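Please look through the sequence and the structure shown below before reading the report. It may help to keep both in view while working through each section.

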Amino acid sequence: MTFNDRTTPLSLLATRRSGKAREMVAPGPTPEQIDAMLALAARTPDHGKLAPWRFVVVPDDRRAAFNAMLADAYRTEKPDAGRLELDAMAGFGVPAPALVVVLSSPRPDSHIPLWEQQMSAGAAAMNLLHAAHAMGFVASWITGWPSLSPTVRDAFGSDPERIVGFVFIGTPGKPLEERPRPDLAAVVSRWDG
Ligand SMILES: Cc1cc2nc3c(=O)[nH]c(=O)nc-3n(C[C@H](O)[C@H](O)[C@H](O)COP(=O)(O)O)c2cc1C
């Protein structure tokens, strides 16, 4: 199977496949390409025109500081953490060339339900993935412990913001492999009420 076939919009959707962050290599997107991706990702449906999400680019020269921040946060929240766990945090997303942090930035004072604002943030992350793949890269939406850590969230924003995910972007260093896809019969039905 040819993954991320950019021949047509439909072929791209039909063959879209994320890359693994730890297997990504250069080239990654240039800063201008990242800006272009984010302009595409910002075309995301949101009820009430609130744009209840934000993107924070972690530039190349801040990636080491990002990983050090993660390790520090892990040590603070898990004082008993062993060396292996701390090394894993310090290597989070390495060696993927580019990183964008997607934040849910809801407006609590809005009449738009929080749930709808948070769904829009998820959609924005998905659109960022689509933009990256449409530009010839692979992306990977990762969460894990850092996405739930208040300390890490505070490095990028503040309550009630939440980290939707860390989107790593680069070129696959190994051939992509298909993952099992859901049996459509299990997830699609016709309402007969
Ligand atoms: C909200 C969210 C969080 C995810 N977090 C992780 C993660 O922490 N680690 C991981 O290996 N995959 C994670 N994934 C899955 C991958 O991003 C990817 O979607 C998965 O490998 C499926 O590949 P596909 O994008 O080709 O369908 C997450 C996906 C979503 C939607």
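The sections that follow describe a predicted model, beginning with a pair of helices and moving on to strands, backbone details and annotated residues.

## Two helices in contact

Two packed helices are described by the angle between their axes and the distance between the axes. For helix H3, residues 63-77, and helix H4, residues 83-90, the axes come within 7 Å and cross at roughly 145 degrees. The crossing of H3 with H4 is right-handed.

On the H3 side the contact is made by Asn67, Ala68, Leu70, Ala71, Tyr74 and Arg75, while H4 contributes Glu85, Leu86, Met89 and Ala90. Sorted by character, the residues of this contact comprise seven nonpolar, one polar and two charged.

## Strand S3 and its partners

Is strand S3 mostly covered or mostly uncovered? Strand S3, which spans residues 98-104, is mostly covered, since seven of its seven residues are buried. In a regular strand the side chains alternate between the two faces of the sheet. In S3, Ala98, Val100, Val102 and Ser104 point one way, whereas Leu99, Val101 and Leu103 point the other way, and all of them are buried.

S3 pairs with S2 in the antiparallel sense, over six bridges, and within this pairing Arg54 has Leu103 of S3 as its bridge partner. S3 is also joined to strand S5, residues 162-172, by seven bridges, and these two strands run antiparallel. Here Val102 stands opposite Gly165 in S5.

## Unusual points along the backbone

Most residues other than glycine have a negative phi, and most peptide bonds are trans. Against that background, which two residues does a cis peptide bond with omega of about 15 degrees join? The residues are Val94 and Pro95, and Pro95 lies in the loop between H4 and S3. The peptide bond from Asp159 to Pro160 is also cis, with omega near 10 degrees, and Pro160 is found in the loop between helix H7, residues 150-156, and S5.

Positive phi values occur at Lys49, where phi is near 55 degrees, and at Ala51, where it is about 45 degrees, although neither Lys49 nor Ala51 is a glycine. Lys49 lies in the loop between H2 and S2, and the loop between H2 and S2 is also the place of Ala51. Lys49 counts as exposed because it has 7 C-beta neighbours inside 10 Å, whereas Ala51 is partly exposed because 15 other C-beta atoms lie within 10 Å.

## Residues annotated as a binding site

An unreviewed UniProt entry carries the annotation "binding site" for Arg16, Arg17, Ser18, Arg43, His47, Trp141, Ile142 and Thr143. These annotated residues are spread over 128 residues of sequence, and they are also spread in space, with up to 28.4 Å between C-alpha atoms.

Two of the annotated residues, Arg43 and Thr143, can be placed in more detail. Arg43 is found in the loop between helix H2, residues 31-41, and strand S2, residues 53-58. Why does Arg43 count as exposed? Arg43 has 9 C-beta neighbours inside 10 Å, and a residue is exposed if 12 or fewer other C-beta atoms lie within that distance, so Arg43 falls in the exposed class. Thr143, for its part, is found in the loop between strand S4, residues 138-142, and helix H6, residues 144-148. Thr143 is exposed because 12 other C-beta atoms lie within 10 Å.

Terms used:
Residues are numbered from 1 along each chain as its sequence is written. This is a predicted model: local features need pLDDT of at least 70, side-chain atom pairs count only at pLDDT 80 or more; totals for chains, interfaces and linings use all residues. Axes are lines fitted to C-alpha atoms, for helices over the stretch in contact, and angles run from 0 to 180 degrees between N-to-C directions. Helices (H or I, at least four residues) and strands (E, at least two) are DSSP runs, numbered from the N terminus. A crossing is left-handed if the near helix is turned anticlockwise from the far one by less than a right angle, and right-handed if clockwise. Two residues are in contact if their C-beta atoms, placed from the backbone, lie within 7 Å. Ala, Val, Leu, Ile, Met, Phe, Trp, Tyr, Cys and Pro count as nonpolar, Asp, Glu, Lys and Arg as charged, and the others, Gly among them, as polar. UniProt positions are given in the numbering used here, feature names are shortened, and annotations may be inferred rather than shown by experiment. A residue is buried if 20 or more other C-beta atoms lie within 10 Å of its own, exposed if 12 or fewer, and partly exposed in between; C-beta atoms are placed from the backbone. Two strands pair if DSSP finds at least two bridges between them.
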